[in-house]
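The following exercises invite the reader to examine a protein model step by step. Each task is followed by a worked solution.

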Amino acid sequence: MKLKEDTQNLEEVVVIGYGTAKKKDLTGAISTIKTDQLVAEAPGSIQDLMRANSPGLNIGMSTGAKDQSSLQIRGKNTLKAGSSPLIVLDGVIFEGSLNDINPVDIEAIDVLKDASSAAVYGAKAANGVVVVTTKKGKAGKPVVNFNTNIGFVQVANQQKILDGEGFVKYRQDYEVTRNSAEYLAKYPEIFSDPRKLQNVDQLTWYNYTQKTPVSSVSEDDLVRSWLARLDFKAPEIDNYMIGNETAWDDLVFQTGFQQDYTASVSNRTDNMSYYWSLGYSDREGIITGDKMTNFRTRLNLESKITNFLTVGLRSSFSSRDEKDLNNYDSNGNNDKDKYWLCDWEQMIRISPYGSNNLDDPDSPYRRWPTGDATPVNPFYDNLYRDRKKMYSTLDANMYAKVSLPFGIEYQMNFTPHYEFYELYSHESSENENWASQGGSSVRTTRKKFSWQIDNIFSWRREFNKLHTVEATFLINAEKGQSWKQTAKASNYSPSDILGYHRLQAGTVPLVESDDTYKTGDALMGRLFYSFKNRYMLTASVRRDGYSAFGQMHPRAVFPAVALGWTFSSERFMENMSSWLNYGKLRVSWGQNGNRDIGQYEALSDLTSGLHPYIDQNGTIYTSSQLYVNRMSNRALKWERTTSYNAGLDYSLFNDIIGGSMEFYVSKTNDLLVDRVLPEITGFNSVASNLGEIKNKGFEISLNANIIKKENFSWSATGNFSLNRRKVTHLYGEMVDVVDDNGNVIGQKEADDIKNKWFIGHDTEQIWDYVRDGVWQMDEAEEAAKYGCQPGDFKYLDLDKDGVMTDKDKVFQKNKTPQFRWTFRNEFTFYKNLSLSFMMYSQWGHYASFNRAANVSNFPDRCTEYVQPHWMPENPINDYARIGSKNIGTNYLEKSFIRLDNITLSYNVPKNFLKKVFVQDMRVSMSVRNVAVFSPHWDFWDPETGVPTPRTYNLSVNFTL
């Protein structure tokens, strides 16, 4: 896959928002991703197509069967509002999930990054725009295509869990470091294996913990006494004695099977074009219980009714059965509502000597393998759950194009979106942990319906073959509603065996509902002018209205302007034509808005409920009350991002090298934040517009056709980007600046210490204590001043007052990557065999790693990953003792380089295919998430911090 910028492709059409333009006429920062060859890599989602293929577009990594990940363009320019880019599908704004779109159906993806190119979408475009174009019929005879992907996933970079021997050593070291030196001296080798004692006899050792000393002891009693001192519970002791270990990590992780099938038929004639596809996906993830099935179909039709009227339909339907949404949120935190997955994190709680008695209904250790209430069998609760979660969505764009007099084109789009959500859940009373509820059930249904109408007028005229003028105007209206109802029941009588199929058997019913309503409208005008196809001007203005904002500011205006100059067409550049094939300079300025907040943030919220009160006699009553839960803000308005962009497009040495460079600066004002209010107001906070954030960055893309011979070719693509962000303004409150003597020497704007928002700093910059190794044995007295002991992490007390406070916190590294790069290579051998690989890197960022403190679990009840720990005889400085006291946060660098994809493809020769009546056939093998190199981070995946899948695929694509 190559993002070509050479002269051969300057006539390519790029989607620019409510229209198209030739690549040579672009004045904004737009990247185009062609997907024809990327399909060979067996993409599981649109995100897989986009990952590392456009500078400035950052795609998160999926960890679950659903294969869903986050998107962000040019950094985060907000504090509270959403930061995901706007998705546009086939020319209209898309409100569904990207999982509803089959990646095989996609023709191209255009990424609109600067304000000028995205400004036509106004209040929805502050975070950039991703424009997805699906396939349509092509001229010729009807084409039938089949695409099949079959593969499996395994966990990559799996962390090792302590085995039996390691677990015993872990408990021994824990007991040694938790007890005082005096205690250990009084009872030598008290935690040592009695079969390996060196300085004390077994009988004396055994009598350490006997109220009445004994005169003889068996080896069995010795070992059991030793294990009890190590806090082993009864089933752990029994399993140790018979040598029975369980590798819980082998049980919670699985080799997941994945299969995707897509069939399509398409064609185009003089008056008709159609593309129809059917797709089915059945995927398992790496964690037992993680599964998703998805049926998708797409129908794209267009018919030329008369020479002035064309009508069309672009529609899709999706039905998803999700056993899991996505294992983790964007911060890598485990989402506890993922109830279909086994509770995989129990593998680092249950000791290897815990009993796996899930199939023994009479065992007291079915739920609690160690007999302790902390570790739980990861599969037990799901035995007593019956749940189903389904999404059904229907998206369509029904449009008509009319050719009017004077060269005016009118297009009307009607874009409805339906989403039906169903959740059925029952937790059985047969689970002893839920027995007191008598069984509990939930049935939730939600219907979302929204629509948009676009009225688009466009006019294009060329004068004297020198001047080109194009004007576009938009009149838009939208409306969205949702209806949600939830019915709950518990304490079933006489039985809960029918679960959610018979809610009326529950004696404690509860019914809830939640309906929402929103509206919006927009007016937009855009003008494009070109002189000699050399000097270009694009100007636009959009006026948006949205019901979520305050009555004082229901609408806002967003202008933009951009200039382009193809300097390679100038006469004074002719002497450089031997090496410079194409060069264009672009500059742009524009404003975009962000309306991605709650639909009712500006309004007061009336809430009702039962509240207790006590009269003067002490009698307790409950009464229904109606009260205001949220303070309104009539002045709430859009966040507004003002951006500047300068770009250079180039092609060199007969199009051997090409690419682009971008430099941008953006400033976001009127940030949407929750302003804390004094308690006397009766409210905690109010949605407000305060503050300012500044982003600046640089992007470069480089494409090279390195070798191009008859039987061998080599092409490469590289991207590099960096982004810097800082808060430049907050609430406007001024505070005094004092010197070391307490004298006021000036004033500055106050920071928000509670949220860790500091003026002049990135909100993701670490402001915390500085860790300075580990307290060692000769520092015991000093450590005690901070409530610590040798083996605990040591943090710098900068003001030397003996107390760790905010005065000891300093600015350190950032949590976001300081730069990113990607590198893709493609080799073709004898025209039919191709090999490609892609690497990407994120560098210079840090994350908390408090597991190094060895206190993440209860060490007297749980097990742990295989990792170092401090001991008096092992005085390391990067890991603490087991069960340490950690008064700060330990940070670790997460820089990494990932070999993300290797694909080997073979195009079956056409002379052979003709014999079996097949036009084209490609067989591909690919591996995704092949390897990762991270010099400082060694815990799961450095990008996500959690288990990630490695995918192996075999793909077959053929056309009849």
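**Exercise 1: A residue at the surface**

Phe257 is partly exposed, with a relative accessible area of 39%. This structure is a predicted model.

Task: Determine in which strand Phe257 lies and which residues make the nonpolar surface patch of about 760 Å².

Solution. Begin with the strand: Phe257 belongs to β11. Next, consider the patch, which is made by Ile150, Phe257, Tyr261, Trp276, Leu278, Tyr280, Phe295, Phe317 and Leu394. Two elements, β11 (256-268) and β12 (272-284), each give two or more residues to this patch. The largest share, three residues, comes from β12. Because partly exposed means between 20% and 50% relative accessible area, the value of 39% places Phe257 in that class.

**Exercise 2: An open sheet**

Task: State the strand order of the open sheet of five strands and identify its edge strands.

Solution. The order is β3-β8-β9-β6-β7, and the pairing is mixed. The edge strands, β3 (30-34) and β7 (92-93), each pair on one side only. Strand β3 runs antiparallel to β8 (residues 106-112), to which five bridges join it. Within this pair, Ile30 stands opposite Leu112 of β8.

**Exercise 3: The interior**

Task: Find which members of the largest nonpolar core touch the most other members.

Solution. This core has 40 residues, and those sought are Phe253, Trp344, Met347, Tyr865 and Trp940. The elements giving two or more residues to the core are β10 (143-156), α8 (248-252) and β35 (793-795). A second, separate core of 23 residues includes Leu162, Tyr174, Trp226 and Tyr353. Finally, take Met347: beyond its neighbours within four places in sequence, its contacts include Ile161, Trp248, Phe253, Tyr865 and Trp940.

Technical notes
Residues are numbered from 1 along each chain as its sequence is written. This is a predicted model: local features need pLDDT of at least 70, side-chain atom pairs count only at pLDDT 80 or more; totals for chains, interfaces and linings use all residues. Side-chain values use heavy atoms; hydrogens and water are left out. Patches are made of residues with over 30% relative accessible area and no salt bridge: like charges are joined within 9 Å, nonpolar side chains (Val, Leu, Ile, Met, Phe, Trp, Tyr) within 5 Å. Accessible areas come from the Shrake-Rupley method with a 1.4 Å probe; for residues, only the protein chains shown count as cover. A salt bridge is a side-chain nitrogen of Lys or Arg within 4 Å of a carboxyl oxygen of Asp or Glu. Helices (H or I, at least four residues) and strands (E, at least two) are DSSP runs, numbered from the N terminus. Buried means under 20% relative accessible area, exposed over 50%, partly exposed in between (1.4 Å probe, protein chains only). Two strands pair if DSSP finds at least two bridges between them. A nonpolar core is a set of buried Ala, Val, Leu, Ile, Met, Phe, Trp, Tyr and Cys residues joined through side-chain atoms within 4.5 Å. Contact means heavy atoms within 4.5 Å.
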